[in-house]
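Got the model open in your viewer? Let's take a short walk through the empty space inside.

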Amino acid sequence: MQHEITAAAPLLDENGNLREPGYAKKLLPIYRRSDIKAGALHIKEWDYYLMANDRFALALTIDDNGYMGLDSISFLHFEEKWEITKSPMRLFPMGRTNLPASSAAGDTVTEGKNYALAFRHVAGGRELTFRMADFCDGQPISGRILLTDEPEESMVICTPFEKKGHFYYNQKINCMRADGCVQLGSRTYTFDPAESFGVLDWGRGVWTYHNTWYWGSASGQVGGVPFGWNIGYGFGDTSAASENMLFFNGKAHKLSQVTFHIPMKDGREDYLAPWTFSSDDGRFAMDFVPILDRAACTDFKLLKSDQHQVFGRFTGKAVLDDGTVISVRDFIGFAEKVENKW
C-alpha cells in the first residue's frame, strides 16, 4: 500500500526529517529552506523544464547544489539526430540563487558571462526566457516559451534517505502546452501548443553522497486528450510510495513499481538499443526505441556525474485507475540512468 498525503503541513519536523513520507497529487507539503538542519553546502535545489514535440526538444535548468551551481541549455533535434548542451557552472552559490520555496509562485532567475535564464509566473502560465552568446559553433541561442494549461494534478513525492536529515522533495508537472520559438543561429524552431508539451521537474532536498537513479517521462495527447507519465526509482527509500504516475486529462493515476529494462552489450548498458518497461501491477508495459542519448560524464573522483538521458519513442499500454487502457504508438519521451557522487 502506498501512502497518499492529503493535507497541507510543513515538510520537515524540528530535526529536519520528513514529517510524512509518501506521495501527493498536489504540492501540499510546505517547504522552508530554514527548516533544513544540514549545512548550505549539502542543500540541493533545482528547476528543470523540458519542452518537446515529435521533431525537436528544449531543456532548461537552473540548479543550486550548494557547493556548485549549474545553468544549462540543451537543444535536441530528433529528425537530424543531434543535440547540444551547454552548462556553465557557478562555484559555491550556497543558496544565493534564491530558488522559490514553491513551484506555484516566485521567479527563478540566473545569469553569467554571455548567458541568462529566467523562469517566471505570468498571466496565463509560466514564461521561460533564455539566451547564450556562444551555444553552437559560435552561434547564439535565445528564445521565449510560454507554458499553459497546467493540469489540476501532478506527481509530488516526499522521499527519505536512510541517513537522518536527508530527504528528497519533488514535483513533476506533465502535459503543459508549450508555445514559443527558439532562435539558434539563423534557424528558428517553433513550439506549437497544439502538438508541443512541457514538463517541470522541481526538486528540493538534502541527498546522500552516492546515488544512481532512473527516471522516465512523456507528455503528449491521445485522441486529442493530454496524456503522459512519470516513472522512476533510485531516489531514496521509496517504501512509503513510488513516484510512478499516469496523467490523463488533468488527473493523476497512481502506479506501483515500474522497472526499466536497459539492454546490455559486452557487460555494459547499450543505451541506443531498444528498451522495455514493465510494472508489478501490470498497468504499465512499454517498448522504447531510442533516438538520441544525451550523455555527459564529469568525473573529478570525489565529485562525479555520469548521465544518460535517452530520448525516443514509446509504444505500449498504460491502465488508468478505473481500468481504462490507454494505448500509445511512437509516443515521444525519454528515459534516463544517472549516477552521481555529489
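## Two cavities, one stop at a time

Start with the character of the walls: the lining of the largest cavity is made up of 9 nonpolar and 4 polar residues, with no charged ones. Keep in mind that this is a predicted model.

To find the spot, select Leu50, Ala52, Ala218, Ser219 and Gly333; of the 13 lining residues, these sit closest to the centre of the largest cavity. The space they look onto comes to about 120 Å³.

Now switch to cartoon and colour β4 (43–52), β16 (197–206), β17 (210–222) and β27 (325–341). Each of these elements gives two or more residues to the lining of the largest cavity.

How many cavities of 30 Å³ or more does the structure hold? There are 2, so let's move to the other one.

For the second largest cavity, which holds about 80 Å³ of space, select Asp47, Tyr49, Gly106, Thr108 and His121. Out of 15 lining residues, those five are the closest to its centre.

Which element supplies the largest share of this second lining? Colour β10 (115–122): it contributes 3 residues, the largest share. Leave β4 and β16 coloured too, as each of them, like β10, supplies at least two residues here. You've met both already, since β4 and β16 also help line the largest cavity.

Last, colour the second lining by residue class. You'll get 6 nonpolar, 5 polar and 4 charged residues, whereas the lining of the largest cavity has no charged residues.

How values were computed
Residues are numbered from 1 along each chain as its sequence is written. This is a predicted model: local features need pLDDT of at least 70, side-chain atom pairs count only at pLDDT 80 or more; totals for chains, interfaces and linings use all residues. Side-chain values use heavy atoms; hydrogens and water are left out. On a 1 Å grid over the protein atoms alone, a cavity is a set of points where a 1.4 Å probe fits but cannot get out, and a pocket is an open set with protein on both sides within 12 Å along at least five of seven lines; lining residues have an atom within 4 Å of a point. Grid points are joined across faces, edges and corners, and a volume is the space filled by probe spheres set on the points. Helices (H or I, at least four residues) and strands (E, at least two) are DSSP runs, numbered from the N terminus. Ala, Val, Leu, Ile, Met, Phe, Trp, Tyr, Cys and Pro count as nonpolar, Asp, Glu, Lys and Arg as charged, and the others, Gly among them, as polar.
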